[in-house]
Every structure is written in C-alpha cells, then in structure tokens.
Amino acid sequence: MCVPARLAVLRKLMVLGRAAIAAVAQNLPQDRSVVARHLRQLAAVQVVTARKEGRHVYYEIDTVGVRSRMEGLRELVDLIQSVTR
C-alpha cells in the first residue's frame, strides 16, 4: 500500500470522488495501465470500490472498507499495548 505511485493514485481519487481510470490517470506520470493496476490492487484490499458501467469502470473510496481496516488496526495497536505494559 505504501508504493508512492499508488498513494498518488489514491490521493487523486480522493479529490475526484467517483472517477474512471482516464480521469484518475490525468496529470499523473504513470501510464493509464499502471494507474489501472494500482486501482485494481486498492480494490482488492477494500480501499476503493470498482463499478463497471458500460465500457468504463468507475472507482471511489470504499469508506466502509477503510473504516473497517482502521478499526482493525486500532484493535491491533490496543492489543500490542496491553501485551507490552
């Protein structure tokens, strides 16, 4: 997840909201195919959602997935803290 190019794609999607690959890739240094790969990887880990409409796939931040991951991370940190005290 910490690949700089993937973070740039995620930042761009956060600004755009719901967007197709072409819009996300606009003004990024990577090819659209690279941006598409990053978006697929982000969708696979439930950071973004993908919805196909006709020939285009639209992506947006998966707020439920991100919230779930953040809560899981918080629980892990709490567990680590309880063990190290």
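In what pattern do α and β elements follow one another when the chain is read along the sequence? In this predicted model, the order is α-β-α-α-β-β-α.

**View 1. Secondary structure of the predicted chain.** The chain comprises 4 helices and 3 strands. Along the sequence, these elements are arranged as α-β-α-α-β-β-α.

**View 2. Overall dimensions of the chain.** The C-alpha trace spans about 50 × 25 × 20 Å along its principal axes. The radius of gyration of the chain is 15 Å, whereas a compact globule of 85 residues would have a value near 12 Å.

**View 3. Burial, contacts and surface of the chain.** Of the 85 residues, 25% count as buried. Where contacts join residues at least 6 apart in sequence, 42% of them link residues at least 24 apart. The exposed area of the chain is about 6100 Å², of which carbon and sulfur atoms supply 56%.

**View 4. Charged side chains.** The chain carries 14 positive and 7 negative side chains. The centres of these two sets lie 8 Å apart.

**View 5. Asparagine 27 in the loop between α2 and α3.** This loop joins the helix at 21-25 to the helix at 32-44. Asparagine 27, a residue other than glycine, has a positive phi near 70 degrees. Because its relative accessibility is 74%, asparagine 27 counts as exposed.

**View 6. Glutamine 46 in the loop between α3 and β2.** The strand β2 that follows this loop covers residues 48-53. Phi of glutamine 46 is also positive, near 60 degrees, in a residue other than glycine. With a relative accessible area of 44%, glutamine 46 is partly exposed.

Terms used. Residues numbered from 1 in each chain as written. Predicted model: local features only at pLDDT ≥ 70, side-chain atom pairs only at ≥ 80, totals over all residues. Heavy atoms only, no water. Helix = DSSP H or I, 4+ residues; strand = E, 2+ residues; numbered from the N terminus. Rg over C-alpha atoms; globule rule 2.2 N^0.38 Å. Buried < 20%, exposed > 50% of the residue type's maximum accessible area, 1.4 Å probe, protein only. Contact = heavy atoms within 4.5 Å. Areas by Shrake-Rupley, 256 points an atom, 1.4 Å probe, with all protein chains shown as cover. Lys, Arg positive; Asp, Glu negative; His and termini not counted. Charge placed at Lys NZ, Arg CZ, Asp CG, Glu CD.
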